[in-house]
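Biologist: I'd love a close look at one part of this protein, with a little background to help me find my way. Could you walk me through it?

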Amino acid sequence: MEVSVDRLRTISEVLLKHIEQHRGGNLEIESDYYWDIPEDSRYDRYQEPSRHTVGQLSDDIVQLDRMIDGNRPVIGYALVWFAAVLRRIGETAEC
């Protein structure tokens, strides 16, 4: 499967506009900690994951903010932090 960055950008813009129209410009995220499955297990559908890690949405946001502020270099792995935040917003969107 191949997907263009342009297509992902358009999808994210459409979805974020939708959320903003229905929930406003600031979103309350009530959960903070979440379970995560390590990458080596996450995409192996033939083996049930036996390990879990814990992530923290507030820490994900802090790391993303630090990149925006220029206090840490921008890295591709930040998409993982961003995805965790977007996942929770999507799970609680109700719109």
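How many positive and negative side chains does the protein chain have, and how far apart do the centres of the two sets lie? After that, please take me to the nonpolar patch on the surface.

Modeller: Happy to! Please keep in mind that this is a predicted model. Let's begin with the charges: the protein chain carries 18 negative side chains and 11 positive ones, and the centres of these two sets are 4 Å apart.

Now for the overall layout. The protein chain contains two strands and four helices, and reading along the sequence gives the pattern α-β-α-β-α-α. Its C-alpha trace spans about 40 × 30 × 30 Å along the principal axes. If you take the contacts between residues at least 6 apart in sequence, 42% of them join residues at least 24 apart.

Next comes the surface. Of the 95 residues in the protein chain, 16% count as buried. The chain exposes about 8100 Å², and 52% of that area comes from carbon and sulfur atoms.

That brings us to your patch. V3, L8, I11 and L15 form this nonpolar patch on the surface, and together they have about 340 Å² of accessible area. Let's zoom in on one of its members, V3. You'll find V3 in the segment before helix 1, which covers residues 5-23. Is V3 buried or exposed? The answer lies in between: V3 has a relative accessible area of 40%, so V3 counts as partly exposed. A patch member needs over 30% relative accessible area, and the 40% of V3 fits that cut-off.

Key: Residues numbered from 1 in each chain as written. Predicted model: local features only at pLDDT ≥ 70, side-chain atom pairs only at ≥ 80, totals over all residues. Heavy atoms only, no water. Buried < 20%, exposed > 50% of the residue type's maximum accessible area, 1.4 Å probe, protein only. Contact = heavy atoms within 4.5 Å. Areas by Shrake-Rupley, 256 points an atom, 1.4 Å probe, with all protein chains shown as cover. Lys, Arg positive; Asp, Glu negative; His and termini not counted. Charge placed at Lys NZ, Arg CZ, Asp CG, Glu CD. Patch = residues over 30% accessible without salt bridge, like charges linked within 9 Å, V, L, I, M, F, W, Y side chains within 5 Å. Salt bridge = Lys/Arg side-chain N within 4 Å of Asp/Glu carboxyl O.
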